[in-house]
Amino acid sequence: DVENSWYKSSIMKLKADWIVNWFEDGNFHPDSNVTRAEILAIIINSSETEIVDDNPEKCFPDLVDGLWYIKYICYAHKNDITSGYSDWNFKPNGNVSMIELLAFWLQTYDIKVEKDSKKPWYESYIAFADENKIIPKNAYSINSPAKRWQASEVITRIQQFKQNKNLNYNSNWCNSPKNLSGSNSITINDKNRSYLLNLPNNYNSNKSYPLYIGLHWRTNNNQMVMDYMWLGGSKWDKNSNNDVISVYPAGLWDGPYTWHEAESIDFIDAMLYEVSESLCINKSQIHIVWHSLWAYLSNKLACLRWDRITTMTAVAWPGYLSECSWPVASLILHNAKDSLVAYSQWTKALEIRRNINDCKWEPKSLNISGFNCQQWSQCSAWNPVTFCSEYTTYWDVPHSRPKKWSQLIFEYNESLN
């Protein structure tokens, strides 16, 4: 279950070092939560610390005598890695949060973090991890439970940090890229799925690029969307200086095109893995763009693949109403005169995304590339929500894309870096 994982290299490295193991079913279960006891065992083992007292007395009243985790928890307690909760318990089977994960790791590896007494204690850990490219600050929220893939990724990067390696978010193939361009296909569930790939005009195989994913709607194929979106590859923007790699996956033709199949998410996963394993991608700059009816998939991907989608841009969409709890920076456009998608659906979709991103206070006016927008910037994990509703469109069709929208999208995403 890690074959097309965005984090395969980190997971396989830790497995080779006997730091993490597969479950009895032969899978790693990367999306499962990690407990507080498990994370201390992984961290301490990864630091190659030798625990002399292999059978200590339990150091918290809620620990069970004789269980495997006691030596790790009590070592951590003795060495000021953790002090437990205010009720004197440790809660070994509770989920570890991302903030706790970072604190445990940095303290185990004796990495000093400068703290500001005027700010919450966790902000120093978030800032340190972000500034040193261990994990981006917008990739998790304060109370996010840590996943097994996150534990693998962070531990690998902290090990590299301790080895004084120059950390970045480049894909694995930046030093030895493969040839990949044009039309490509992947077999998912015995079905042939295809995507178009466009490289910038002055493509340098040793330079990392942002990746843009342009998703099409039900009546147009991905070649038409490539021409329509102007994110790269369009017959109208061949002389463009857009310094990005863009991909256009194709939905299944069922008269019209559809993205309803559950395997579509697997297809996007496999496409991202293939592109990142072939080209030099900045993995902290993955942007998804969608227009019209099937734009719900843009939000669905942001909900299900929040760990790799940096920003979501949706134009003239009714929203994705299923369960979602992960914040992603969002640019939402809807023409107030659009009659194909009711404005009430837009306001509902906007409200849902603001709630997911836990945005506070009132929005502020923001002008981007001549677009007058509103932005909620006080949101969870530095993931703002921006809404634009007054703009001119091509052919004066209210449901169409805005004029100069690619300029807006590029400028907006660059402003978040």
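A residue is taken as buried when its relative accessible area is under 20%. In the predicted model, nine of the 11 residues of helix α2, which spans residues 36–46, meet this criterion, so the helix is largely enclosed by the rest of the structure. The buried positions are Arg36, Ala37, Ile39, Leu40, Ala41, Ile42, Ile43, Ile44 and Ser46. These residues pack against three other helices, namely α3 (70–78), α4 (98–108) and α6 (148–162). Just after α2, the backbone at Glu48 adopts a positive phi of about 60 degrees.

The model contains four disulfides, counted as pairs of cysteine sulfur atoms within 2.5 Å. Among them is the bond between Cys174 and Cys280, with an S to S distance of 2.0 Å. The torsion about this S-S bond is about 100 degrees, so the disulfide of Cys174 and Cys280 is right-handed. Cys174 is placed in the loop between α6 and β1 (182–188), and Cys280 in the loop between α8 (263–276) and β7 (281–291); the pair therefore ties together parts that are 106 residues apart in sequence. Helix α6, which precedes the loop of Cys174, is also one of the helices against which the buried residues of α2 pack. Cys174 has a relative accessibility of 7% and so counts as buried. Cys280 is likewise buried, its relative accessible area being 0%.

A further disulfide is formed by Cys359 and Cys379, whose sulfur atoms lie 2.1 Å apart. The link is right-handed, with 105 degrees about the S-S bond. It connects distant parts of the chain, 20 residues apart: Cys359 belongs to the loop between α10 (343–356) and β10 (364–368), whereas Cys379 belongs to the loop between β11 (371–376) and β12 (385–390). Cys359 and Cys379 are both buried.

Strands β11 and β12, which flank the loop of Cys379, are themselves joined by a disulfide between Cys373 and Cys388, with the sulfur atoms 2.0 Å apart. For this pair the value about the S-S bond is 100 degrees, and the link of Cys373 and Cys388 is right-handed. Cys373 lies in strand β11 and Cys388 in strand β12, a separation of 15 residues. Both Cys373 and Cys388 are buried.

Methods
Residues are numbered from 1 along each chain as its sequence is written. This is a predicted model: local features need pLDDT of at least 70, side-chain atom pairs count only at pLDDT 80 or more; totals for chains, interfaces and linings use all residues. Side-chain values use heavy atoms; hydrogens and water are left out. Buried means under 20% relative accessible area, exposed over 50%, partly exposed in between (1.4 Å probe, protein chains only). Helices (H or I, at least four residues) and strands (E, at least two) are DSSP runs, numbered from the N terminus. Contact means heavy atoms within 4.5 Å.
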